[in-house]
Amino acid sequence: MNTPIIRFDNVVKQFGEARVLNGLNLAIEAGEKVTIIGPSGSGKSTVLRILMTLEPIDSGVVYVAGQPLWHEQKAGALMPASARHLHDMRKHMGMVFQQFNLFPHMTVRRNITEAPIHVLGLSKQEANERAEHYLALVGLTDHADKFPRQLSGGQQQRVAIARALAMKPRIMLFDEPTSALDPELVGEVLQVIQRLASEDDLTLLLVTHEMQFAREISDRVVFFDKGEIVEEGDPETLFTAPREARTRAFLKLT
Ligand SMILES: Nc1ncnc2c1ncn2[C@@H]1O[C@H](COP(=O)(O)OP(=O)(O)OP(=O)(O)O)[C@@H](O)[C@H]1O
């Protein structure tokens, strides 16, 4: 087996007394498309936020692209990571949130070019070309000069996807990307994610309540409950013939 691109090794995360991740072990291969499903509050978003370095861990080790994320190797020991290390590691990943989180005072184009210019050091022209490319990919070429408030929720979320892709991450993290959208706008966002799922090299980790979609695009589905993996498997098996009673109850199969 190849070295996984993401690995959670016995990771514990607490918020005060609440243990949100209870010794999580999870490995994801490069190029794999994995969906996390589970009840509200089970720790799904926390997994993504830890990867994006938005939440620190309490114990265990997270590896991304073969390197510890929240630690650095120093003299053979794992020490807490420096801000510099976290900054460098973040470049492996792009994240799309439930609430699009676009910069409201910037045009669509600037939303997309800001990080490539300031984080990757691209020239304005290079960043603009990259923005054109990803705006075309999400079907919003004609909206580059608009501000987020002039777009629908679905269009804003597609800009957020283009913005994340413009950093050319190896891993895309989606945290319930359609939950905040009116039902008629869900399809256009799922269509874009589906297109990304057909890219062999891109690793995709998605938290969603869209079960049919998860079934269509995932190589593997992971069912989470109370900070632990209850069951995981290929989508066909997990959605039609899960082993565990808790999974069946969640999917209303019993
Ligand atoms: N910053 C925080 N401070 C305190 N508690 C938090 C914080 N973030 C999350 N939690 C708690 O941790 C638990 C797991 O949250 P998380 O958002 O990971 O769950 P989830 O499975 O993604 O749920 P949902 O489907 O509702 O988004 C919840 O009980 C939540 O209230």
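**Exercise 1. Contacts of the ligand**

How far from an oxygen atom of the ligand does a polar side-chain atom of T46 lie? Describe the surroundings of the ligand in this predicted model.

*Solution.*

Step 1. Begin with T46: a polar atom of its side chain is 2.5 Å from a ligand oxygen atom.

Step 2. Add two further contacts. The side chain of E176 places a polar atom 3.1 Å from an oxygen atom of the ligand. In the case of S42, a backbone N or O atom lies 3.0 Å from an oxygen atom of the ligand. The ligand on its own has 640 Å² of accessible area, and the protein covers 57% of this area.

Step 3. Consider the whole shell. The ligand is surrounded by 13 residues, the closest being S40, G41, K44, S45 and T46. By character, the shell consists of 7 polar, 3 nonpolar and 3 charged residues.

Step 4. Identify the main contributor. Helix 1, which spans residues 44–51, gives the most to this shell, with 3 residues.

**Exercise 2. The chain as a whole**

Determine what the radius of gyration says about the chain, and state how much of the chain is buried.

*Solution.*

Step 1. Count the elements: the chain contains 9 helices and 12 strands.

Step 2. Compare the radius of gyration with expectation. For 254 residues, a compact globule would have a value near 18 Å; the chain has 18 Å, so the two agree.

Step 3. Examine the outline. Along the principal axes, the C-alpha atoms fill a box of roughly 50 × 50 × 35 Å.

Step 4. Turn to burial. Of the 254 residues, 52% count as buried.

**Exercise 3. Helix 5**

Compare the span of helix 5 with the expected value, and explain why this helix is described as largely enclosed.

*Solution.*

Step 1. Helix 5 covers residues 153–165 and has 13 residues.

Step 2. From its first C-alpha to its last, helix 5 reaches 18 Å, close to the 18 Å expected at 1.5 Å a residue.

Step 3. In helix 5, 13 of the 13 residues are buried; therefore the helix is largely enclosed by the rest of the structure.

**Exercise 4. Three residues of strand 1**

Classify I6, N10 and Q14 as buried, partly exposed or exposed.

*Solution.*

Step 1. Locate the residues. Strand 1 covers residues 6–15 and includes Q14; I6 and N10 also belong to strand 1.

Step 2. Apply the cut-off: a residue under 20% relative accessible area is buried, and one over 50% is exposed. I6 has 0% relative accessibility, so it counts as buried. N10, at 44%, is partly exposed, and Q14, at 26%, is also partly exposed.

Step 3. Note the backbone of N10: its phi is positive, about 55°, although N10 is not a glycine.

Step 4. Relate sequence to space. I6 and M172 are 166 residues apart in sequence, and their C-alpha atoms are 12 Å apart. Q14 and P116 are 102 residues apart along the chain, with 34 Å between their C-alpha atoms.

**Exercise 5. The side chain of N111**

Which backbone atoms of F103 and M106 does the side chain of N111 approach?

*Solution.*

Step 1. N111 lies in helix 3, residues 108–118. With 1% relative accessibility, N111 counts as buried.

Step 2. A polar atom of the N111 side chain is 2.7 Å from the backbone nitrogen of F103.

Step 3. The side chain of N111 also reaches the backbone oxygen of M106, at 3.1 Å.

Terms used. Residues are numbered from 1 along each chain as its sequence is written. This is a predicted model: local features need pLDDT of at least 70, side-chain atom pairs count only at pLDDT 80 or more; totals for chains, interfaces and linings use all residues. Side-chain values use heavy atoms; hydrogens and water are left out. A residue is near a molecule or strand if one of its heavy atoms lies within 4 Å of it. A polar contact is a pair of N or O atoms within 3.5 Å; within protein, one must be able to donate a hydrogen and the other to accept it, and residues adjacent in sequence count only if both atoms are side-chain atoms. Accessible areas come from the Shrake-Rupley method with a 1.4 Å probe; for residues, only the protein chains shown count as cover. Helices (H or I, at least four residues) and strands (E, at least two) are DSSP runs, numbered from the N terminus. Ala, Val, Leu, Ile, Met, Phe, Trp, Tyr, Cys and Pro count as nonpolar, Asp, Glu, Lys and Arg as charged, and the others, Gly among them, as polar. The expected span of a helix is 1.5 Å times one less than its number of residues. Buried means under 20% relative accessible area, exposed over 50%, partly exposed in between (1.4 Å probe, protein chains only). The radius of gyration is taken over C-alpha atoms; the globule rule is 2.2 Å times the number of residues to the power 0.38.
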